[in-house]
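Welcome, and please open the model in your viewer. We will go from one selection to the next, pausing at each to see what is there.

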Amino acid sequence: MKLKESDGPGQLFEDRWVGGQRTRVVLLDQRQSQANRCETALLEAVDLGEAVVPHLALHVTAEGRELRTTNLDAPHRSRDAYFRDALDEAGVKFDETDTGRALRDAGTGDVRAFLESVPSDLVFGIRDSHRKRRVQLKVPRTYTSEMVGLYPLSGKRAAGRFDKWNFPGDNVELAADG
C-alpha cells in the first residue's frame, strides 16, 4: 500500500529552494510558534533577573488566585483587550494612564512609546485593532524564524491508548474495595 502525504499526521509539506535545488521539506515549527517561544524565553529571563526588558504586567485576582499576564504572553501583546480594559489601583483606565495614552497615541511616524515601554512589541509585531481608530497601528514582526525538515518521509500515525478517565492524581480517593 502506498501512503499519500495526506495520510500523515497533519504535517505541512512544501517545496523550498535549498542550495539552488527545489527540495521537499516538512514544516516543523512555524514563524508564529517560534515567535511565541522566543517571547516565553524572554519573559523567563526577565523573571529570573537575567534580562531587563521594559514590559507591561497586569496582575489580577480571580477566584482567590493571583494571575499575571504581560505583553510578552498576552494574545495581542500590549494592544490586548486585557490591558485596554484594565484599571490601575486608582481606578484609571489603562488607556488614560501616561503609559497607556502614549502607546495609544503612537503611530508609524513615532514609535518612541513602544521603545520605552514595550520594545519587544516592535520585534514581534503588533496590530492595534481593538481601539476604534480611523488608522490602526500595524507593526509587522521584524523577527522571523521557522524550522523545517529536509527530505521528509511520509507515514501514518499509529493509534495510541488514552486514559478515558483522566483523573488528576491528587484529587482521587480510593475506596476500600478499590
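Start by selecting E44, which is found in helix α1, the helix of residues 31–47. The model you are looking at is predicted. Is E44 buried, exposed or partly exposed? Its relative accessibility is 48%, so E44 counts as partly exposed, a class that runs up to 50%. Now add L72 to the selection: E44 and L72 are 28 residues apart in sequence, and their C-alpha atoms are 10.0 Å apart in space.

**The hairpin**

Next, select residues 57–62, strand β3, together with residues 65–70, strand β4. These two strands run antiparallel, and six bridges join them. For one example, pick L58 and look across to β4, where its bridge partner is T69. Then go to the turn: two residues lie between the strands of this hairpin, and E63 takes a positive phi near 50 degrees.

**The nonpolar core**

Which residues touch the most other members of the largest nonpolar core? Select L56, F83, L103 and F114 to see them; the core has 15 residues. In soluble globular proteins, nonpolar side chains tend to be buried together.

Keep L103 selected and display what surrounds it. Leaving aside neighbours within four places in sequence, L103 is in contact with L56, R79, F94, A113, F114 and V118. Two names in that list, L56 and F114, were also in your previous selection.

**A patch on the surface**

Now turn to the outside and select V18, V148, L150 and Y151. Together these residues make a nonpolar surface patch of about 360 Å². Within this patch, V148 lies in strand β7, which covers residues 147–150. V148 counts as partly exposed because its relative accessibility is 31%.

**The whole chain**

Finally, clear your selections and colour the chain by secondary structure. You should find five helices and seven strands. Following the sequence, the pattern reads β-β-α-β-β-α-α-α-α-β-β-β.

How much of the chain is made up of buried residues? Of its 178 residues, 27% are buried. With the surface switched on, you are looking at an accessible area of about 13,000 Å², and 51% of that belongs to carbon and sulfur atoms. As a last view, display the contacts between residues at least 6 apart in sequence: 53% of them join residues at least 24 apart.

Terms used: Residues are numbered from 1 along each chain as its sequence is written. This is a predicted model: local features need pLDDT of at least 70, side-chain atom pairs count only at pLDDT 80 or more; totals for chains, interfaces and linings use all residues. Side-chain values use heavy atoms; hydrogens and water are left out. Two strands pair if DSSP finds at least two bridges between them. Helices (H or I, at least four residues) and strands (E, at least two) are DSSP runs, numbered from the N terminus. A nonpolar core is a set of buried Ala, Val, Leu, Ile, Met, Phe, Trp, Tyr and Cys residues joined through side-chain atoms within 4.5 Å. Buried means under 20% relative accessible area, exposed over 50%, partly exposed in between (1.4 Å probe, protein chains only). Contact means heavy atoms within 4.5 Å. Patches are made of residues with over 30% relative accessible area and no salt bridge: like charges are joined within 9 Å, nonpolar side chains (Val, Leu, Ile, Met, Phe, Trp, Tyr) within 5 Å. Accessible areas come from the Shrake-Rupley method with a 1.4 Å probe; for residues, only the protein chains shown count as cover. A salt bridge is a side-chain nitrogen of Lys or Arg within 4 Å of a carboxyl oxygen of Asp or Glu.
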